[in-house]
Amino acid sequence: MNIRTQDLYDFEHSIAGDYLKQFEYPWQALSGIKALIVELGNKLDKSEYDQISENVWVHKSATVFPSAYIGGPCIIGPETEVRHCAFIRGSAIIGRHCVIGNSVELKNVIIFDDCQVPHYNYVGDSILGYHAHMGAGSITSNIKADKKNIVIHADQDIETGLRKIGAMLGDYADIGCNSVLNPGVVIGRKTNVYPASCVRNVVPENSIYKTGGKIVRKEER
């Protein structure tokens with residue numbers, strides 16, 4: 001299964017692209033997001049970005065609703081909308097032309113360009129690829145009930161050594177409304193998840209995750 005970082009993401013579509021390239025698997029990047037934001041933020045062009053509070057940089061073309069909360073460190077890219085009552089807890093890189101919507105909560109995330117997280121979503125300890133989309137009410141669950149370290153179940157089990165991992169969504173992944181992505185889920189590029197799904201483990205690229213967990217390949221067009 002294609003779960004390596006280079007298999008999931010087009011690095012040209014994130015300010016964090018060069019950082020991500022160094023990791024074999026995307027979840028290995030999670031622990032360094034906070035420091036990365038501070039490093040990148042201090043190098044941003046001041047003519048393009050406003051530093052609105054400590055370690056929080058917002059592009060001048062971005063729209064942030066007055067009711068949104070943005071905790072640092074955080075970078076919000078060009079033409080992105082952060083809508084009513086969004087709660088960005090910190091350690092968030094949000095790319096170009098994204099939507100962070102009503103009552104969405106983000107924590108320790110990299111969100112690629114043109115990504116939409118528009119309605120009542122929780123996304124934590126996760127990486128969302130280029131043009132990925134979270135349907136209304138869909139969430140990432142980032143910690144197991146037994147609080148043990150997360151194992152990625154792919155062709156072989158991969159011990160991550162991490163207690164918190166949300167979801168790794170490849171480019172153009174589309175998650176249906178009210179779905180739950182369990183800890184350590186990896187969704188391949190251009191894969192769709194049916195609404196109200198409870199997703200575990202790895203879903204291959206160019207697939208459809210259907211009701212009951214059935215996975216089928218998309219038809220060639």
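Reader: Let's start in a loop: where is K190 found in this chain?

Author: K190 sits in the loop between β20 (185-187) and β21 (192-193). This is a predicted model, where local features need pLDDT of at least 70, side-chain atom pairs count only at pLDDT 80 or more, and totals for chains, interfaces and linings use all residues. Residues are numbered from 1 along each chain as its sequence is written, and side-chain values use heavy atoms, with hydrogens and water left out.

Reader: What makes β20 a strand in the first place?

Author: It's a DSSP call: strands are E runs of at least two residues, helices are H or I runs of at least four, and both are numbered from the N terminus. The chain has 3 helices and 25 strands on that count.

Reader: And why is K190 called partly exposed?

Author: Buried means under 20% relative accessible area, exposed means over 50%, and partly exposed is in between (1.4 Å probe, protein chains only). K190 has 44%, so partly exposed is the label. Its phi is near 60 degrees, a positive value in a residue other than glycine.

Reader: Which label does E79 get?

Author: E79 has a relative accessible area of 46%, so E79 is partly exposed. Its phi is also near 60 degrees, again positive in a residue other than glycine, and E79 belongs to the loop between β5 and β6.

Reader: T80 is in that loop too. Buried or exposed, and how do you know?

Author: Buried, because its relative accessibility is 0%. T80 is in contact (heavy atoms within 4.5 Å) with A62, T63, I94, G95, R96, H97 and C98, leaving aside neighbours within four places in sequence.

Reader: What about A29, buried or exposed?

Author: A29 is at 0% relative accessible area, so A29 counts as buried. A29 lies in the loop between α2 (17-20) and α3 (33-41). Skipping residues up to four places away in sequence, A29 touches Y19, L20, F23 and I127.

Reader: And how do you know which label N182 gets?

Author: N182 comes in at 12%, so it's buried. N182 occupies the loop between β19 (180-181) and β20, touching S141, G166, C198, V199 and R200 once residues up to four places away are set aside.

Reader: What makes a nonpolar core?

Author: It's a set of buried Ala, Val, Leu, Ile, Met, Phe, Trp, Tyr and Cys residues joined through side-chain atoms within 4.5 Å. In the largest one, with 35 residues, I111 and L169 touch the most other members. β10 (105-111) gives the largest share of that core, 3 residues. Apart from it lies another core of 32 residues, including I3, Y9, F23 and L44.

Reader: Why is the chain called as compact as a globular protein of its length?

Author: The radius of gyration is taken over C-alpha atoms, and the globule rule is 2.2 Å times the number of residues to the power 0.38. The chain has a radius of 16 Å, close to the 17 Å that the rule gives for 221 residues, so the label holds. Buried residues make up 51% of the chain.

Reader: One last thing: what kind of peptide bond joins G72 and P73?

Author: A cis one, with omega at about -5 degrees. P73 is in the loop between β4 (69-70) and β5.
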